[in-house]
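Hi there,

Here is the structure I promised to pass on to you. Please open it and have a look around before reading my notes below.

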Amino acid sequence: MAFRPLLTRKTLACAAGLGSNGGIATSFRGLQTFTLPDLPYDYGALQPAISGEIMQLHHQKHHQAYVTNYNKALEQLHDAISKGDAPAVVKLQSAIKFNGGGHVNHSIFWKNLAPIQEGGGEPPKGSLGWAIDNDFGSLDALVQKMNAEGAALQGSGWVWLSVDKELKKLVVETTSNQDPLVTKGPSLVPLIGIDVWEHAYYLQYKNVRPDYLKNIWKVINWKYASEVYEKECP
Ligand SMILES: [Fe+2]
């Protein structure tokens with residue numbers, strides 16, 4: 001049984017939700033592969049909220065591993081499709097979801113953070129600020145809700161502030177493992193995603209996840225979140 005090659009540059013870009021120029025680079029055996037995006041700040045620039053050691057390991061080791069394994073799984077998928085090997089295609093789905101999700105989620109996470117001297121932690125202004133007050137009562141109430149849901153999340157995962165682009169409403173969600181937010185609803189667009197895997201905080205905060213959650217708001221890039229929100233809800 002033969003299949004037409006399905007993996008094009010466009011489909012890979014869409015699968016990552018990164019657009020046509022986000023973290024996609026070189027061609028490997030005719031396949032477009034993904035690359036680790038650069039951080040828009042130095043590893044130590046988020047201190048004291050997040051240590052430089054954590055940022056460097058998180059970016060260079062953890063995110064890089066997701067990118068490497070995502071590319072590997074996509075290459076295997078390409079081969080399996082070429083051979084018409086349906087069981088192998090199905091078997092690869094979990095690796096693609098986990099590693100592709102890891103790449104998508106971390107690519108958002110780096111943009112969700114900013115050094116304090118570059119606006120990190122500055123409360124949202126404009127329409128996002130109004131929407132937060134309307135949907136949650138206040139920014140403090142939203143932060144408390146996300147911290148509570150992030151602290152209560154069992155195992156590893158993410159806590160998200162998102163906008164439902166169809167309902168034009170802000171929503172707080174959690175996802176397990178490296179599931180991207182889109183698994184909770186196709187109309188959900190991530191504004192802020194907070195990584196609550198232990199690798200994101202353990203070297204500095206040990207087992208006290210709530211302290212990490214409390215401090216990360218000091219370096220949250222609300223300007224980025226506002227830009228995404230205004231694009232989805234003009
Ligand atoms: Fe992470």
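What follows is a short tour of the metal site and the parts around it.

Please keep in mind that this is a predicted model.

Let's begin with the iron ion. Which residues coordinate it? There are His-58, His-106 and His-199, each through NE2, together with Asp-195 through OD, at 1.9 to 2.1 Å. The four donor atoms make angles of 91 to 134°, and the site is tetrahedral. Along the sequence, the spacing of these donor residues reads H-x47-H-x88-D-x3-H. His-106 belongs to helix α4 while Asp-195 belongs to strand β5, so this pair ties together parts that are 89 residues apart in sequence. Are these two buried or exposed? Both His-106 and Asp-195 are buried.

Next, take a look at strand β5 itself. Eight of its eight residues are buried, so β5 is largely enclosed by the rest of the structure. Its antiparallel partner is strand β3 (residues 157–164), and seven bridges link the two. If you want one pair to find on screen, try Leu-161, whose bridge partner in β5 is Ile-192.

Finally, there is helix α8, which covers residues 209–216. Its buried residues are Arg-209, Tyr-212, Leu-213, Asn-215 and Ile-216. What do they pack against? Their neighbours are α4 (93–111), α6 (139–152), α7 (202–205) and β5 (188–195). You have met two of these already: α4 holds His-106 and β5 holds Asp-195.

Enjoy exploring, and write back with any questions!

Best wishes

Key: Residues are numbered from 1 along each chain as its sequence is written. This is a predicted model: local features need pLDDT of at least 70, side-chain atom pairs count only at pLDDT 80 or more; totals for chains, interfaces and linings use all residues. Side-chain values use heavy atoms; hydrogens and water are left out. Buried means under 20% relative accessible area, exposed over 50%, partly exposed in between (1.4 Å probe, protein chains only). Helices (H or I, at least four residues) and strands (E, at least two) are DSSP runs, numbered from the N terminus. Contact means heavy atoms within 4.5 Å. Donors are N, O and S atoms within 2.8 Å of the metal (3.2 Å for Na, K and Ca); water is not among the atoms, so sites may look incomplete. Four donors count as tetrahedral if all angles lie between 85 and 135 degrees; four count as square planar and six as octahedral if opposite donors are over 155 degrees apart and all others between 65 and 115; anything else is irregular. Two strands pair if DSSP finds at least two bridges between them.
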